[in-house]
Amino acid sequence: TLAGTMASHYASAAGQSDAVATALGDAYLPKDSGVSSVVDVPSSESGHLLALCDKLDAFVGLYRVGCAPQANADPFGMRRLAYGVLALLMGPTNPALSGTTTSVPCNSADVTSLVAHVLKNLESSGDLREAEKASSEEEGKGKKKKKKVQADGTADDMVDFLNRRLYQLLADAKAAPVEAIRAVQGVRGDPRLVASTLQFLAPKLADGSLADLLGSYVRCVRIRSKNAEAVEAAGCGASGADALGAIDTSLFENDSEKELYEALSVAYEKYDKDMDLKSWIAMSSPLVDPASNFFDGTLVIADDESLRANRLKLVSALVGLADGVVDVTELTGLF
């Protein structure tokens, strides 16, 4: 941009180092919104950090004082700011930035944490208090009217806005099927992690190598969804390790129930809600055959109430292994 170019020239003319001049020039990037296939990104880590701080500060401050877009009206360019923030956060994992080598110079890119941090700093600095007290004067019918600036944008609103822009960016870039985007974005707060997870997941969805594994999870989701009252009555609505711990092994009627239970017990010893997708697949893969045998040889929704509840706990325990890694409820349209 012209502003960045001039800032760089002025810095050089003032005797600043090349690194400072480059960073000031980079601070106004990316030029594009981040949706198109070509986006200019900062060439230096310092410039990347300056650009991110500037855009995030502007986005949070403007949103906080009520400048969020309304329908098609976006006079303050908030959508463009949001896309810029996300493009910078994702760095080389941004599908629109393939081939770049710029790193993201911050330890955490969790959107919720970043927004909360910036908002806290703005509020403590007094800048927002001044904005809230400010008044704009308008002429009307010969009298001056005062319109007070209201601080009505919450941190949750900002995070939701950024997440919706992230979904749109990834969908427009065709990073993965939209079901997969929702499944990953629903449990990951870091745009870099969302994008890198989709980069790993998309080709495996395309070649069908995860069909059996994810199909097992989706089958459990459908069973729980179609039998919500029975799931609630069984006391396994929360799913996960609690459901596994509540299973009564004395009620098993066939080997497939025992086989699945033992496989789940092993998997939960390795499970971590913060594990990456590759590790999660390695942990879950041994469950495919036991799950298949279980569904082939066992009537989950049995007439006997105790058997039905026990089997639903097995199903819920399997679904729980995806908690925090991928929202398998969003994948039902793919399998």
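**Ala-291**

I began with the contacts of Ala-291 in this predicted model. Leaving out residues up to four places away in sequence, I found that Ala-291 touches Ser-216, Leu-260 and Leu-318. I then looked up its element, and Ala-291 sits in helix α15, which runs over residues 288-297. Is Ala-291 buried or exposed? Its relative accessible area is 1%, under the 20% cut-off, so I noted Ala-291 as buried. For the pair with Ser-216, I looked up the C-alpha separation: 6.7 Å, for two residues 75 apart along the chain.

**Whole chain**

I next took the totals for the protein chain. I noted 16 helices and 2 strands. The chain has 335 residues, and 45% of them are buried. I also looked up how far apart in sequence the contacting residues lie. Taking contacts between residues at least 6 apart in sequence, 69% join residues at least 24 apart.

**Nonpolar core**

How many residues does the largest nonpolar core have? I noted 86. Phe-59, Val-60, Tyr-217, Leu-264, Trp-280, Leu-287 and Leu-321 have the most contacts inside this core. Helix α4, residues 78-90, supplies the largest share of the core, with 9 residues. As background, I wrote down that nonpolar side chains tend to be buried together in soluble globular proteins.

I picked Trp-280 from that list and looked up its contacts beyond four places in sequence. Trp-280 contacts Leu-213, Leu-214 and Tyr-217, then Met-275, and also Leu-321, Ala-322, Val-325 and Val-326. Two of these partners, Tyr-217 and Leu-321, are themselves on the list of residues with the most contacts inside the core.

**Cavity**

I searched for cavities of 30 Å³ or more and found 1. The volume of the largest cavity is about 30 Å³. Which residues line the largest cavity? I listed Leu-201, Leu-210, Leu-214, Leu-277, Trp-280, Ile-281, Val-326 and Leu-331. Trp-280 is therefore both a lining residue and a member of the largest nonpolar core. Its contacts Leu-214 and Val-326 also belong to the lining. By type, the lining has 8 nonpolar residues, no polar ones and no charged ones. Helix α14, residues 277-284, gives the largest share of the lining, 3 residues.

**Cysteines**

Last, I ran a disulfide search over the whole structure, and the result was 0. I looked up the accessibility of two cysteines. Cys-53 has 45% relative accessibility, so I entered Cys-53 as partly exposed. Cys-220 is at 0% and therefore counts as buried.

Notes
Residues are numbered from 1 along each chain as its sequence is written. This is a predicted model: local features need pLDDT of at least 70, side-chain atom pairs count only at pLDDT 80 or more; totals for chains, interfaces and linings use all residues. Side-chain values use heavy atoms; hydrogens and water are left out. On a 1 Å grid over the protein atoms alone, a cavity is a set of points where a 1.4 Å probe fits but cannot get out, and a pocket is an open set with protein on both sides within 12 Å along at least five of seven lines; lining residues have an atom within 4 Å of a point. Grid points are joined across faces, edges and corners, and a volume is the space filled by probe spheres set on the points. Helices (H or I, at least four residues) and strands (E, at least two) are DSSP runs, numbered from the N terminus. Ala, Val, Leu, Ile, Met, Phe, Trp, Tyr, Cys and Pro count as nonpolar, Asp, Glu, Lys and Arg as charged, and the others, Gly among them, as polar. A nonpolar core is a set of buried Ala, Val, Leu, Ile, Met, Phe, Trp, Tyr and Cys residues joined through side-chain atoms within 4.5 Å. Buried means under 20% relative accessible area, exposed over 50%, partly exposed in between (1.4 Å probe, protein chains only). Contact means heavy atoms within 4.5 Å. A disulfide is a pair of cysteine sulfur atoms within 2.5 Å.
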